[in-house]
Amino acid sequence: MAQNRPLLEVRNLKKHFPIKGGIFSKTVGYVYAVDGISFTLNAGETLGLVGESGCGKSTAGRTILRLIEPTAGEVYFEGRNIYSLNKSEMRSLRKEMQIIFQDPYASLNPRMTVGNIVGEPLDIHKVAKGTEREDRVATLLEKVGLRPEHIKRYPHEFSGGQRQRIGIARALALNPKLIICDEPVSALDVSIQAQVINLLEDLQQEFHLSYLFIAHDLSVVEHISNRVAVMYLGKIVELATDTELYGKPMHPYTEALLSAVPIPDPTVKKERIILQGDVPSPINPPSGCRFHTRCPYTKELCRQEEPPLEDKGNGHYAACHFSHEIYGRP
């Protein structure tokens with residue numbers, strides 16, 4: 001049974017940020033950033049987590065790693081509930097779970113050389129020192145396409161793509177099993193995005209890594225993910241394999257997102273679905289289905305009752321009362 005256990009299992013994860021107000025700074029409300037999401041991630045797999053800005057995907061990634069403490073829910077890593085671990089146990093587990101941040105310049109200390117940035121995890125966890133440390137740092141830089149002589153340089157001496165490679169080398173330093181990629185290519189030029197994604201795929205094969213790949217660009221996620229989860233206003237509204245989700249979406253929100261992905265063929269005309277209105281506030285989300293205020297297929301049931309995320313067939317999960325009726329699938 002242990003062999004079939006997922007590497008990462010997220011159960012009903014919630015993160016609500018309190019809003020303080022008044023003279024005594026009392027809690028007057030909450031931002032429901034992540035509001036009950038569940039999914040699994042298998043060893044060697046890439047799960048894409050996509051959605052519009054502000055849907056809670058980056059908060060979910062940070063909460064899974066306990067960089068932010070959760071409001072409720074459980075996260076199991078190799079069968080251990082990481083929220084039940086003390087500081088010492090969590091510190092030890094951090095070697096197995098790393099993160100690549102969105103902005104490579106903001107996430108690198110400008111006062112540290114590349115050698116010290118990549119070698120810092122080795123120092124913190126007392127993994128290597130002296131010549132062994134230098135050799136490991138040089139090897140890591142080569143793995144991500146940089147040269148060993150870059151060790152003595154500072155972050156400002158590199159391009160955006162090179163800085164992101166430094167961030168990837170740092171994440172790899174402790175031989176982790178899971179890397180959360182928090183929009184790792186969104187700050188880069190399109191040509192550089194492809195290079196970084198190819199690098200991540202090569203490293204995944206070499207080190208048998210598992211990725212939770214967070215992004216707002218569905219075309220980026222398509223090339224690297226085995227399965228894709230779509231988030232809207234703190235909830236996962238659809239979860240399926242990349243082939244199923246891109247070929248046969250079962251949720252109106254996913255359908256709208258896919259219609260906005262450009263096709264690299266000027267002869268193909270694509271009908272764009274323009275969603276009406278703005279994304280509701282996560283402070284006061286709509287009742288029932290959270291997407292009903294912008295959905296072109298809304299009915300009274302959608303306003304009153306929240307649809308569960310359920311299997312619509314072939315392991316294709318969607319949170320929509322009328323998905324079979326809309327998309328005509330058995």
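Let's start with β6 and β7. These two strands run parallel, and 4 bridges join them. This is a predicted model, so please keep that in mind throughout. Two of the pairings can be named. Met-97 has Leu-178 in β7 as its bridge partner. Ile-100 stands opposite Cys-181 in β7.

Now the side chains of β6. Which residues point which way? Met-97 and Ile-99 go one way, while Gln-98 and Ile-100 go the other way. All of them are buried.

Step back to the sheet. It is open and has 8 strands. Reading across, the order is β6-β7-β8-β3-β9-β10-β12-β11, and the pairing is mixed. The edges are β6 and β11, residues 310-311, and each of these pairs on one side only.

Two helices to point out on this sheet. Helix α1, residues 57-64, packs on it and touches β3, β7, β8 and β9. The direction of α1 makes about 150° with that of β8. Helix α9, residues 252-259, also packs on the sheet. It touches β9 and β10, and its direction makes about 105° with that of β9.

Next, helix α5, residues 160-172. What span should we expect for its 13 residues? At 1.5 Å a residue, the answer is 18 Å. The end C-alpha atoms are 19 Å apart, which agrees.

Is α5 mostly covered or mostly open? Mostly covered: 11 of its 13 residues are buried. Among them are three arginines you can click on, Arg-163, Arg-165 and Arg-170. Gln-164, Ile-166, Ile-168 and Leu-172 are also on the buried list. And what does the covering? The cover includes strands β6 and β7, plus helices α3 (114-124), α4 (130-143) and α6 (190-207). So we meet β6 and β7 again, as part of the cover over α5.

β6 comes back once more, at the largest pocket. That pocket holds about 420 Å³ of space. Its lining has 14 residues. Nearest the centre are Arg-94, Gln-98, Pro-121, Ile-124 and His-125. β6 and α3 each supply at least two residues of the lining. Note Gln-98 here: it is one of the buried residues of β6, and it lies among those nearest the pocket centre.

On to the other sheet. This one is open too, with 4 strands in the order β2-β1-β4-β5 and antiparallel pairing. Its edge strands are β2, residues 26-41, and β5, residues 80-81. Each pairs on one side only. Between β4, residues 72-77, and β5 there are 2 bridges. Which residue of β5 is the bridge partner of Phe-77? That is Arg-80.

Helix α1 turns up here as well. It lies across β1, β2 and β4, and runs at about 110° to β1. So keep both contacts of α1 in view: β1, β2 and β4 here, and β3, β7, β8 and β9 in the 8-strand sheet.

Last stop, the interior. How many cavities of 30 Å³ or more does a search of the whole structure find? It finds 1. The largest cavity has a volume of about 90 Å³. It is lined by 14 residues. Closest to its centre are Pro-252, Cys-289, Cys-295, Cys-302 and Cys-320. Pro-252 falls within the residue range of α9, 252-259.

Methods: Residues are numbered from 1 along each chain as its sequence is written. This is a predicted model: local features need pLDDT of at least 70, side-chain atom pairs count only at pLDDT 80 or more; totals for chains, interfaces and linings use all residues. Side-chain values use heavy atoms; hydrogens and water are left out. The expected span of a helix is 1.5 Å times one less than its number of residues. Buried means under 20% relative accessible area, exposed over 50%, partly exposed in between (1.4 Å probe, protein chains only). Contact means heavy atoms within 4.5 Å. Two strands pair if DSSP finds at least two bridges between them. Axes are lines fitted to C-alpha atoms, for helices over the stretch in contact, and angles run from 0 to 180 degrees between N-to-C directions. On a 1 Å grid over the protein atoms alone, a cavity is a set of points where a 1.4 Å probe fits but cannot get out, and a pocket is an open set with protein on both sides within 12 Å along at least five of seven lines; lining residues have an atom within 4 Å of a point. Grid points are joined across faces, edges and corners, and a volume is the space filled by probe spheres set on the points.
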